[in-house]
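Student: I have not looked at this structure before. Could we go through it by question and answer?

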Amino acid sequence: MAAQTINSASGAAGLAALISRASEHAGAEKRGLPPVEKWNPPFCGDIDMEIRADGTWFYMGTPIGRPPLVRLFSTVLRRDEDGKTYLVTPVEKVGIRVADAPFLAVEMQATQREGDRILTFRTNVGDVVEAGAEHRLRFAIAGENRELKPYLLVRGRLEALVSRPVMYDLVELGETIVVDGVPMFSVRSGGEVFPVMPEAELDALSR
C-alpha cells in the first residue's frame with residue numbers, strides 16, 4: 001500500500017508547531033522572503049525531514065502532499081557554513097536532510113536583454129531566478145556514468161539542481177568560449193560566462 005501524503009498538520013504536533021511559527025514570521029514579510037540570513041536563533045536539534053534528490057519533501061518518512069506547506073518551508077531554509085541545511089525562524093533553528101540540492105529547476109526561458117542572453121529558471125517551489133553574476137550556474141560531473149549535473153544558485157548558499165529535461169535545453173545553448181586560454185564548452189547568461197567543461201573533454205565524452 002502506497003504511503004499516504006501529509007495533507008494537514010493535525011496528525012503531527014511537532015510539524016504543526018513549526019508551520020505555525022514559520023507562518024507567523026513569513027506572513028510578516030509579505031513583500032519578500034523572510035530575512036533568514038539575519039536571524040541567529042539557537043539550534044534546537046534535527047528533525048526527521050528530508051528533501052530527496054527529485055525535489056520531494058518528506059516528514060517522518062511520509063511525503064508532504066500540500067504544495068503550500070512545501071513552499072512555506074522553502075522560504076525559511078538556510079544552508080550554513082557548516083554545509084548543513086536548516087529551517088530557521090527568529091526563535092529556533094532545526095536541521096533537516098538534503099539528498100542533493102534543496103530545490104529543483106523545472107523550467108527555463110531564454111530571452112534577450114540589451115544584446116545579452118538571459119536564462120530565467122523556475123524552481124519547483126516557485127522561485128523565479130535569472131542566471132547571472134548574483135545567481136551563478138555551476139556544472140558537476142557525478143557518478144560512475146559521469147553524469148552532468150548543472151546547479152543554479154537561488155539564494156544564500158541554496159542551490160537548485162537543474163532537472164534533466166531542462167538540462168538538455170540548457171546544453172543546447174552551449175558554445176565554445178576560450179576561458180583563461182582554454183577552449184571551454186560554456187553557456188552565457190546575464191553577461192556572464194559559465195564554463196561547463198573543456199571542449200576536449202566534451203569531445204571525449206561524445207565518442
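Student: Is E50 buried or exposed?

Tutor: Keep in mind that the model is predicted. The relative accessible area of E50 is 19%. Buried means under 20%, so E50 counts as buried.

Student: Which side chain meets that of E50 in a salt bridge?

Tutor: Side chains of opposite charge can pair when their charged atoms come close. For E50 the N to O distance in the salt bridge is 3.5 Å. The partner has a relative accessible area of 34% and is therefore partly exposed. That partner is R52.

Student: Which residues are linked with E50 and R52 in a network of salt bridges?

Tutor: The salt bridge between R52 and E50 does not stand alone, as both belong to a network. The other residues linked in the network are D48 and R97.

Student: Where is I51, and is I51 buried or exposed?

Tutor: I51 has its place in strand β1, which covers residues 43-51. Its relative accessibility is 0%. Buried means under 20%, so I51 counts as buried.

Student: Which residues does I51 touch, leaving out those up to four places away in sequence?

Tutor: F103 is 52 residues from I51 along the chain, yet their C-alpha atoms are separated by 8.5 Å. Leaving out residues up to four places away in sequence, the residues touched by I51 are T56, W57, L77, I96, R97, V98, A99, A101 and P102.

Student: Which residue forms a salt bridge with R157?

Tutor: The closest N and O atoms of this pair are 3.4 Å apart. The pair links distant parts of the chain, 76 residues apart: R157 is in the loop between β11 and β12, and its partner is in the loop between β4 and β5. R157 is partly exposed at 35% relative accessibility, while the partner is exposed at 72%. The partner is E81.

Student: Which parts does the salt bridge of E147 and R164 tie together?

Tutor: The side chains of E147 and R164 meet at 2.4 Å, N to O. The two residues are 17 residues apart in sequence, and each lies in a named element, so the pair ties together strand β11 and helix α3.

Student: What are the relative accessible areas of E147 and R164?

Tutor: E147 counts as partly exposed, and R164 is also partly exposed. The value for E147 is 33%, and for R164 it is 40%.

Student: How many salt bridges does a search of the whole structure find?

Tutor: The pairs discussed include R52 with E50, R157 with E81 and E147 with R164. For the whole structure, the search finds 15.

Note on methods: Residues are numbered from 1 along each chain as its sequence is written. This is a predicted model: local features need pLDDT of at least 70, side-chain atom pairs count only at pLDDT 80 or more; totals for chains, interfaces and linings use all residues. Side-chain values use heavy atoms; hydrogens and water are left out. Helices (H or I, at least four residues) and strands (E, at least two) are DSSP runs, numbered from the N terminus. Buried means under 20% relative accessible area, exposed over 50%, partly exposed in between (1.4 Å probe, protein chains only). Contact means heavy atoms within 4.5 Å. A salt bridge is a side-chain nitrogen of Lys or Arg within 4 Å of a carboxyl oxygen of Asp or Glu.
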